[in-house]
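Work through these two exercises with the model open. Each has a task, then a solution in steps.

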Amino acid sequence: MITLDRLVNVLGGYGVRLRFCSVPRSTELRSVVIHEVARGRSVVGDVLLAIGADSVSEAVQWAASARAVVVLTRGGEEPIAFDGDSDAGAVMVVDETLSWSELAAVVYGLVLEGRETESGRGPTDLFALADSLADAVGGAVVIHDQQLRVLAYSRSQQHADAARVETILGRQTPEQLRALFEARGVFAHLAASDDPLFVDEDAEHGVTGRMVVAVRSGRELMGSVWVACSAPLDGTARTALAEGAHTVALHLLRSRASADLERQVESELVIRLLEGSADAATAVSRLGLPRSELRVIAVQALIGTDRDAALLLAFERATTGFGWSRPGRSALAGNTVYTLIPAEEAATARRWITGLRAALPDRVTLLAGISGPAEVAELPSARQEADECLALQEASPRSAPPAYDEAWDDILLQRLRTAAHSGRSPDRGPVAALRRHDQANGTEYVATLRAWLEAQGDPVEAGEHLGVHENTVRYRLRKMTEITPLALDDAKKRLAMMIELAATDTD
């Protein structure tokens, strides 16, 4: 099942245009048919592919016979006219460059499979499959992906052990269980064999017995199915488990194909917003986001020195969702994942980053920067803010992800340091002269000048900061004026020295 609005949005990325609509875009679509007459009657369905229609008018007539809500047809700019008795719903015109076979595959996948779940937008029939499989094998079922994250589980979990409960609540297999299964050779078996394997109980880890079988497509391991049982399954139950794993593989393949489509459409819309597209209002509406109080989160990830694999993994988790819902919309641009999230407070964005970090393997290092809250028209500027905050965290990766509205002063100083490091800091002047004197004679005149300026000329406060007597501060200032003209009574020169000190500060 899918809504008409979602179908229109997704197919828009393929060059399919909505020409007419007289029904709510929230209308649910549950079936797809191709025009044909069987036993003297037209086939009936919610979505009609009018393959072979000579005109839009003929396609609309076919749709009426099929009692279809929406019809997809070719027809260019032909005017659409309806009879008084016509009960037309929605008419979508297919671009001539798009083949019917490609369009049919997309529409069937969206409508029949409801493939919105891989991107975290709705219920999935994997849960129904888990229920069906649990009934067939007589034990509680949990379906995992390749990274041992929970995709679905059966409704019946009344005999679930502590390890299974922890796995479902955490939505992934805990590290101690991963280590146990690794030691027992479970993962090696799944990588090499399609045969179900029985895993003995382990009281220390709260594990009762269970059977596990690989979910595979060709040679690719896509996941696994686990069944709670006190003894190895045999006979019809074992056969049902093996066949169920094959069915799960088909579901995951369809889900992956549709998820890739969803990510493509979503990424294009997010990038259009970040680049300041003229149709920003339409894009934000299609993404289901509000028009104000949006923040841009810029994320980079790496495993050691490898950025590519970690970044793709972070993007996959950001677009799949790492909780039961997914508030943000993301795009991958260059070496950065950008996410738009409704968040008036920076804490909301930081919670999202914390969730993303928890969903990634421990070996992944995640860096992030957060923009200030922005209206839709301000998102290009917000992207720059997020990039600068990301650069700020790169310089201090152990700190919390900075937000622009909280760290604008640090961002300004970072800009000054960047300019200074590019060779644009003064080689002459009071600060440069004092720095050279310090290097040559081991004095602390630059630190003294900085402390005095930060204390707004109070030698007592400056001395406390430096750990010296106030008279020492006064003595140093007199000696400094012998080296270079400081002009400490000139407000503009004091400001200039403070800026230069901030720009060249490496602390």
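Ile-143 stands opposite Val-225 in β14. The model is predicted, and this pair is the starting point.

**Exercise 1. Build out the sheet.**
Find which strands pair around Ile-143 and Val-225, and give the strand order of the sheet.

*Solution.*
1. Take the local pairing. Strand β10 (residues 141-145) runs antiparallel to strand β14 (residues 220-228), and five bridges join them.
2. Extend to the whole sheet. It is open, with five strands in the order β11-β10-β14-β13-β12. The pairing is antiparallel.
3. Locate the edges. β11 (150-153) and β12 (197-199) each have a single partner strand, so one side of each lacks a neighbour in the sheet.
4. Check the twist. On average, neighbouring strands are turned by 25° against each other, direction ignored.
5. Add the helix. α5 (residues 162-170) packs on the sheet and touches β10, β11, β13 (210-217) and β14. The direction of α5 makes about 50° with that of β10.

**Exercise 2. Classify a helix pair.**
Describe how α15 and α18 cross, and list the residues that meet.

*Solution.*
1. Start with the axes. Those of helix α15 (residues 445-454) and helix α18 (residues 491-503) come within 10 Å and cross at roughly 120°.
2. Classify the angle. Perpendicular pairs span 65 to 115 degrees, and antiparallel ones lie over 145. The crossing therefore makes α15 oblique to α18.
3. Assign the hand. α15 passes α18 in a left-handed crossing.
4. List the contacts. From α15 come Val-446, Leu-449, Arg-450, Trp-452 and Leu-453. They meet Arg-494, Met-497, Met-498 and Leu-501 of α18.
5. Sort by class. The contact of α15 with α18 has seven nonpolar, two charged and no polar residues.

Definitions and conventions:
Residues are numbered from 1 along each chain as its sequence is written. This is a predicted model: local features need pLDDT of at least 70, side-chain atom pairs count only at pLDDT 80 or more; totals for chains, interfaces and linings use all residues. Side-chain values use heavy atoms; hydrogens and water are left out. Axes are lines fitted to C-alpha atoms, for helices over the stretch in contact, and angles run from 0 to 180 degrees between N-to-C directions. Helices (H or I, at least four residues) and strands (E, at least two) are DSSP runs, numbered from the N terminus. Angles under 35 degrees count as roughly parallel, over 145 as roughly antiparallel, 65 to 115 as roughly perpendicular and the rest as oblique. A crossing is left-handed if the near helix is turned anticlockwise from the far one by less than a right angle, and right-handed if clockwise. Contact means heavy atoms within 4.5 Å. Ala, Val, Leu, Ile, Met, Phe, Trp, Tyr, Cys and Pro count as nonpolar, Asp, Glu, Lys and Arg as charged, and the others, Gly among them, as polar. Two strands pair if DSSP finds at least two bridges between them.
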